[in-house]
Amino acid sequence: MNTFLDKIQPLLGPDLTTYDPYDLWKTRLGLWLKKIYYEKGRITTPLVAPFFILDAYAPGLIRAFINPQEYPIVRAFAVMSALNFHELTSDEKYLDLACNSAQWLVNNRIEGYHGACWGINFPWMTKTGYYSPTTPFITHTPYCVEALLKFSDVINDKKSLETALSSLG
């Protein structure tokens, strides 16, 4: 019998490569278009508009040319969800899925900063400039920290605890 949890399980891993709503804008062309739009303004609309329309109305077409990838925030949500399902069912398979994503978070944190941190994992252009895939974001790091802290609480994993706490100090 297929239950709701059977249908959810593939969404928890182990393969969590996925597409992002900003896939088109993280390409070299997308980054360039955003940069000139931010620099020159509305005069660039004829250049940017076709790209925007393609992004808004044909995301399936775009995905034929862009590979899915891993995102730290997806892994953090997978840890939290798997732990919640384990709490509901006591099924060990959810602990295994949480463990897989927690290990991914520990192994894929951004290096070179004081403590563990995570970002959006793709290049991004804003009005204030370019952000590399290895730029940590305060909007993503707390989700990863929370996931690692909860994982550590549930299975008493010291590496997850140390990684999470390193971002707080």
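**Architecture, cores and polar contacts of the predicted chain**

Buried residues account for 40% of the 169 residues in the chain, a figure that, like every other value reported here, was computed from a predicted model. The chain contains eight helices and two strands, and from the N terminus on these elements follow the order α-α-α-α-α-α-β-β-α-α. The C-alpha trace spans about 60 × 45 × 20 Å along its principal axes. When contacts between residues at least 6 apart in sequence are considered, 64% of them join residues at least 24 apart. The accessible surface of the chain amounts to about 10200 Å², and carbon and sulfur atoms contribute 59% of that surface.

In soluble globular proteins, nonpolar side chains tend to be buried together. In the present model, the largest nonpolar core holds 25 residues, of which Leu12, Val79, Tyr94, Leu105, Trp118 and Leu148 touch the most other members. Two or more residues of this core are supplied by each of helix H1 (4-8), H5, helix H6 (92-107) and helix H7 (141-155), and the largest share, eight residues, comes from H6. A second core, separate from this one, comprises 13 residues, including Leu33, Val48, Ile62 and Tyr71.

The surroundings of Tyr94 illustrate how distant parts of the sequence meet. With residues up to four places away in sequence left aside, Tyr94 touches Leu5, Leu12, Ala82, Phe85, His86 and Thr89. Of these partners, His86 is found in helix H5, which covers residues 72-89, and His86 counts as buried because its relative accessibility is 15%, below the 20% limit applied to buried residues. On the same basis of sequence separation, the contacts of His86 are Asp91, Glu92, Tyr94 and Leu95.

Helix H8 (residues 158-166) was examined for the arrangement of its buried and exposed positions. Ser160, Thr163 and Ala164 are buried in this helix, and, viewed down the axis of H8, its buried residues fall within an arc of 95°, so they line one face of the helix. These buried residues pack against H6 and H7, whereas the face of H8 turned away from the buried side carries the exposed residues Lys158 and Glu162.

A search of the whole structure identified four salt bridges, three of which are described here. One of them joins the side chains of Glu39 and Lys35, with an N to O distance of 3.9 Å. Both residues lie in helix H2 (residues 28-40), where they are four residues apart, about one turn of the helix. Glu39 is exposed, its relative accessible area being 52%, while Lys35, at 38% relative accessibility, counts as partly exposed.

A salt bridge between Arg75 and Glu70 brings the closest N and O atoms to 2.8 Å apart. Both partners are classed as buried: Arg75 has a relative accessibility of 2%, and Glu70 has a relative accessibility of 16%. A further salt bridge links the side chains of Lys93 and Asp91, at 3.8 Å from N to O. Here Lys93 is partly exposed, with a relative accessible area of 27%, and Asp91 is likewise partly exposed, with a relative accessible area of 30%. Asp91 is also among the residues touched by the buried His86 described above.

The cysteines were considered next, and the count of disulfides came to zero. Cys99 takes part in no disulfide, since the nearest cysteine sulfur, that of Cys144, is 16 Å away, against a limit of 2.5 Å for such a pair. For Cys144, in turn, the closest cysteine sulfur is that of Cys117, and the distance of 9.7 Å between these sulfurs is too far for a bond. The cysteines also differ in their exposure, in that Cys99 is partly exposed, with a relative accessible area of 24%, whereas Cys144 is buried, with a relative accessible area of 0%.

How values were computed:
Residues numbered from 1 in each chain as written. Predicted model: local features only at pLDDT ≥ 70, side-chain atom pairs only at ≥ 80, totals over all residues. Heavy atoms only, no water. Buried < 20%, exposed > 50% of the residue type's maximum accessible area, 1.4 Å probe, protein only. Contact = heavy atoms within 4.5 Å. Core = buried A, V, L, I, M, F, W, Y, C linked by side-chain atoms within 4.5 Å. Arc of directions from axis to C-beta. Areas by Shrake-Rupley, 256 points an atom, 1.4 Å probe, with all protein chains shown as cover.
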